[in-house]
Amino acid sequence: MATMVDVARRAGVSVATVSHVLNETRPVRPDTRKAVLDAIDDLGYIPNTLARSLVTARTRSIGLAVSAISNPYFTEILQGVESSALEQGYGLLIADPHDDPEHERKVVRLLHERRVDGVIVAPSAEPAGLLEYLARRKIPAVFLDRLVGDAHDQVCAENSRPVEQLVHHLAGLGHTRIGLVAGLPGLSTTTERIAGYRAGLERHGLPCRPGLLAEGHSEAPGAQDAVHRLLASPEPPTAIITANNAMTIGALRALRTAGLSVPDDLALVCFDDFSWADVFSPGLTAISQPSREAGATAVRLLLDRLENPGRPPRTVRLPCAFVHRTSCGCVAEAPDRPLDHPLPGTPGLPGKDPVS
């Protein structure tokens, strides 16, 4: 097995220079750096990462705590985090907090004990304990998808306006009773999407009836129960918005159980597009989040925090796109477009009678 001495001999430099190249502890001339890296490749030398971490006080690893197993959306975020981290020479340790505050603190502590340089976390609805743990130990952190306050680095998609646009689209098709299956209470995503729903109703002069808003707790079984409750109300909705992709699955199951057809009996649109949404019949009209970009942005924010620990915290908002298919009741599919593009379905179109 090749050693650092072998690398130094092949490159014609000192062992100290090889160390500086590997650990980035001192500037090295580009031609010298190339000679060392070429020698490493030629000899198949594998650096001792444990020894390197003792020199640099860095392990070049990132901890990621997201509910990747229970929420399909986070699977794509994970891919964005992983590819961006590897591109920057960082390894990734992954833990699933299950959206549970106590388990969340436990997995972040375990990641910290493994000496990750920083963590990326999709926080639970009750993150106070997590925030206190991170602050007390001065652990660099970026919060992903869900906001925890302007005092922290965080990245998430726009939430309110996309849901408002879904309401606008459905109202433009004549619907006056539009239901929402909302996510887990306490999450910023839930709060903002409900706000967008209410803003959309107000924009069209529609009342926000209590019987048209139900909590689906961000999961398929919860959404299935929520849709059954909506359908059982005295004035059930003629269109439903689901606030994430897991809940869309639950809603579809509930509608199938009730013997209802989409969109003939009830229109369905969703926040969160997913890879198989276009294979449903009808195809699902959806809001597409930039999930991989969110993951990559979180890595960039964290690495910048490691290099510039004193800089002010930043909140990055990413735009979504409207993916127009046919579950909303439109006859033909249209291309995806950004949300700043005028959407079809404005009220008062000829031949459109309100759906009551």
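Helices here are DSSP runs of H or I with at least four residues, strands are DSSP runs of E with at least two, and both are numbered from the N terminus. Keep in mind that this is a predicted model.

**Exercise 1. Locate histidine 217, and say what stands out about its backbone and how accessible it is.**

Step 1: place it. Histidine 217 sits in the loop that runs between strand S7 (213-215) and helix H10 (220-232).

Step 2: check the backbone. Its phi is near 60 degrees, a positive value, and the residue isn't glycine. Most residues other than glycine have a negative phi.

Step 3: check the accessibility. The relative accessible area of histidine 217 is 36%. Buried means under 20% and exposed means over 50%, so histidine 217 comes out as partly exposed.

**Exercise 2. Do the same for aspartate 272.**

Step 1: the place of aspartate 272 is the loop between S9 and S10.

Step 2: phi of aspartate 272 is near 100 degrees, again a positive value in a residue other than glycine.

Step 3: with 2% relative accessibility, aspartate 272 counts as buried.

**Exercise 3. Work out the surroundings of strand S9: is it enclosed or open, and which strands pair with it?**

Step 1: count buried residues. In S9 (residues 267-271), five of the five residues are buried, so the strand is largely enclosed by the rest of the structure.

Step 2: split them by face. In a regular strand the side chains alternate between the two faces of the sheet. For S9, one side carries Ala267, Val269 and Phe271, the other carries Leu268 and Cys270, and both faces are covered.

Step 3: find the partners. Strand S8 (residues 239-242) pairs with S9 in the parallel sense through four bridges, and threonine 242 is opposite cysteine 270. S9 also runs parallel to strand S10 (residues 285-288), joined by three bridges; here valine 269 faces threonine 285.

Step 4: look at the connection. S8, helix H11 (residues 245-257) and S9 together make a β-α-β unit, and it is right-handed.

**Exercise 4. Inspect the loop between H11 and S9, using leucine 260 and proline 263 as your guides.**

Step 1: leucine 260 lies in this loop. Its relative accessibility is 31%, which makes it partly exposed.

Step 2: leave out neighbours within four places in sequence, and leucine 260 is in contact with Leu231, Leu255 and Asp265.

Step 3: proline 263 belongs to that loop too. A cis peptide bond joins valine 262 to proline 263, with omega about 0 degrees. Most peptide bonds are trans.

**Exercise 5. Reconstruct the six-stranded sheet and the helices H6 and H7 that pack on it.**

Step 1: write down the order. The strands go S2-S1-S3-S4-S5-S11, in an open sheet with parallel pairing.

Step 2: find the edges. Strand S2 (91-95) and strand S11 (315-318) each have a single partner strand, so one side of each has no neighbour in the sheet. On average, neighbouring strands of this sheet are turned by 20 degrees against each other, direction ignored.

Step 3: zoom in on one pair. Strand S1 (residues 61-65) runs parallel to S2 and is joined to it by five bridges. In this pair, serine 61 is opposite glycine 91.

Step 4: add the helices. Helix H6 (residues 101-113) lies across S1, S2 and strand S3 (118-121), at about 170 degrees to S1. Helix H7 (residues 128-136) touches S3 and strand S4 (141-144), and makes about 160 degrees with the direction of S4.

**Exercise 6. Describe how helices H8 and H9 pack: what are the angle, the axis distance and the handedness?**

Step 1: get the geometry. Helix H8 (residues 160-172) packs against helix H9 (residues 188-203) at an angle of about 40 degrees, and their axes are 7 Å apart. The crossing is right-handed.

Step 2: list some contacts. On the H8 side, the residues include Val163, Val167 and His168, while those in H9 include Ala195, Tyr197 and Leu201.

Step 3: sort by class. The contact of H8 with H9 has six nonpolar, five polar and four charged residues.

**Exercise 7. Decide whether threonine 32 is buried or exposed, and list what it touches.**

Step 1: threonine 32 is part of helix H3 (residues 30-43).

Step 2: its relative accessible area is 18%, so threonine 32 is buried; the cut-off is under 20%.

Step 3: not counting residues up to four places away in sequence, threonine 32 touches Val13 and Thr17.

Definitions and conventions
Residues numbered from 1 in each chain as written. Predicted model: local features only at pLDDT ≥ 70, side-chain atom pairs only at ≥ 80, totals over all residues. Heavy atoms only, no water. Axes fitted to C-alpha atoms, helices over the stretch in contact; angles between N-to-C directions. Left-handed = near helix turned anticlockwise from the far one by under 90°. Contact = heavy atoms within 4.5 Å. Nonpolar A, V, L, I, M, F, W, Y, C, P; charged D, E, K, R; others polar. Pairing = 2+ DSSP bridges. Buried < 20%, exposed > 50% of the residue type's maximum accessible area, 1.4 Å probe, protein only. Right-handed = clockwise from strand over helix to strand, strands pointing away.
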